[in-house]
Amino acid sequence: MDAIDDISKMFHIESEKLENLINTAITKPELSVHEIVETYYQIMNVSSMIAMLKQQIDENEHKTFLDKIQETEKIISTKFDSAIHPQIMEQLANSIQDTTGNLQSINSEQKSKEDIENEAKLYEKLRAKMSTKEFVEQYDKGLSHD
Amino acid sequence: MIEKLTQNLVNLKKEFVSVYDGNSQIQEVIPVSKSELFPIERQDLELLHQFATKNPIYYNSYEKIIGDIHCIVYEGDINKYWLNSIQHGSSHAPFSPTWIMSAYVGALFAKELGYAEVIDIGSGDGRIAFCAKVLDMESYSIELDDMLVDLQKLLCTILDFNPYCSDAGIFDYSLLNLKQPIFFIGGLAQMGGISLASDILKKIDTMYDLWNNSGWVFAGTLSQKYAPDPKNEAGWGTLIEKNNLKSIQSISLPTAWTFHEPDDTPYVFAQSI
């Protein structure tokens with residue numbers, strides 16, 4: 001088995017992982033912060049592999065592999081960039097707005113130590129959503145520069 | 001004395017971190033009484049405790065011996081202030097306080113350096129300005145967030161540290177009739193601090209008599225999360241050089257945001273060349 005077979009095998013594993021994540025994103029009404037980060041990480045991972053492989057692979061010698069790369073590229077473009085990514089941006093924006101509104105409406109008088117520390121967990125979740133939104137917006141900026 | 005006091009406070013923080021088992025968002029300690037390690041006047045310590053007791057960000061307190069020091073632990077939550085502060089378009093950094101003891105040590109050092117007035121920029125709950133007042137310096141507190149300024153007004157019933165609700169970048173400092181001021185800049189260099197400090201430096205530069213007499217204190221970071229400044233000074237080196245300032249000394253002090261970090265916050269003291 002030569003090096004290109006190893007790379008091809010690795011690419012198949014990674015692109016399959018990505019397709020599973022994309023299918024989860026399509027079927028689930030709302031993704032958790034962890035799922036969002038995992039999906040974007042895999043998108044970036046596979047996209048980097050594609051960019052590198054397209055420069056290195058001989059079109060005539062490894063046509064099947066190149067077809068697979070182009071198929072994965074199309075999935076990223078049509079399923080993720082055009083559909084899932086805008087939905088995630090919207091989901092995060094709405095969720096941040098709702099959580100912010102809820103936290104602002106909580107009566108701050110007469111709270112026990114436990115109430116305050118439980119409420120602090122909601123703030124932690126809000127901060128996680130906000131930093132995820134920043135991360136997703138960075139991806140979006142990358143798309144608009146492509 | 002400052003170096004020793006600073007080191008003792010850092011050691012106390014380390015000891016506190018190792019024994020703290022609570023769940024509060026922020027937590028800090030203040031020694032109960034004057035000691036060899038903390039040779040602070042009784043009336044000053046009492047005022048620091050009053051600041052914490054009256055301050056609504058703290059919801060719990062208890063006594064604890066940490067190392068050999070009898071302390072009061074204050075547990076607090078700043079979430080609602082954080083939420084309010086991030087909604088200001090020109091807010092450079094969300095509210096996160098230094099320790100009250102660190103504010104006191106910072107103000108004490110400013111006094112030892114000969115400064116007469118402390119201007120606490122992006123002052124949060126105004127603790128640095130408060131501590132300067134405890135040390136009989138004149139002090140002013142500039143804060144953009146109205147909710148935090150309301151909180152400061154409540155704390156001003158202990159000692160009036162002159163809070164102003166204003167954008168520090170456009171505030172008219174000539175109103176304060178300053179003679180020998182030192183400006184404490186809230187916010188890390190990498191979190192909007194550079195822009196905030198540059199605006200204020202520019203303003204003071206136009207007040208010719210004041211520029212040579214002014215001191216500057218920048219809250220830095222050694223965290224690898226942030227890209228280092230090529231001129232160092234915990235993120236402030238380039239700004240210091242560009243504005244013809246020189247760094248006098250840096251002291252590391254505990255802050256809410258470094259509670260779980262091995263390195264404390266370096267406060268870089270600088271003045272004009």
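**Group meeting: chains A and B of a predicted model**

Let me begin with chain A, where buried residues make up 11% of the 146 residues, and let me say at once that everything I describe comes from a predicted model. Chain A has four helices and zero strands, so that is a DSSP count in which helices must run for at least four residues, and read along the sequence the pattern is α-α-α-α. As for overall dimensions, the C-alpha trace of chain A spans about 75 × 30 × 25 Å along its principal axes. The radius of gyration of chain A is 20 Å, whereas a compact globule of 146 residues would have one near 15 Å. If we take the contacts in chain A with a separation of 6 or more, 74% of them are between residues 24 or more positions apart.

Now to the place where the two chains meet. The contact takes nine residues from chain A and nine residues from chain B. On the side of chain A that touches chain B, α3 (63-105) and α4 (113-145) of chain A each supply at least two residues, and α4(A) gives the most, with five residues. By character, the residues of that side of chain A divide into four nonpolar, three polar and two charged.

Turning to chain B, I would like to look at its sheet. This is an open sheet of three strands in the order β1-β3-β2 (chain B), with antiparallel pairing. Its edge strands are β1 (26-31) and β2 (58-66) of chain B, each of which pairs on one side only, and the twist averages 25 degrees from one strand to the next. Between β2(B) and strand β3 (residues 69-76) of chain B, the antiparallel pairing extends over eight bridges; one residue to look at there is B:Y58, whose bridge partner in β3(B) is B:G76. Across β1, β2 and β3 of chain B lies helix α1 (residues 2-19) of chain B, which runs at about 105 degrees to β2(B).

Finally, a single residue, B:A93, which lies in the loop between α3 (79-85) and α4 (100-112) of chain B. Is B:A93 buried or exposed? It counts as partly exposed, because it has 19 C-beta neighbours inside 10 Å, and a buried residue would need 20 or more. Leaving aside neighbours within four places in sequence, B:A93 is in contact with B:G122, B:G186, B:G187, B:L188, B:M191, B:G192 and B:G193. B:P39, by contrast, is 54 residues from B:A93 in sequence and 33 Å from it in space, C-alpha to C-alpha.

Technical notes:
Residues numbered from 1 in each chain as written. Chains lettered and ligands numbered in written order. Predicted model: local features only at pLDDT ≥ 70, side-chain atom pairs only at ≥ 80, totals over all residues. Contact = placed C-beta atoms within 7 Å. Nonpolar A, V, L, I, M, F, W, Y, C, P; charged D, E, K, R; others polar. Pairing = 2+ DSSP bridges. Axes fitted to C-alpha atoms, helices over the stretch in contact; angles between N-to-C directions. Buried ≥ 20, exposed ≤ 12 C-beta atoms within 10 Å, placed from the backbone. Rg over C-alpha atoms; globule rule 2.2 N^0.38 Å.
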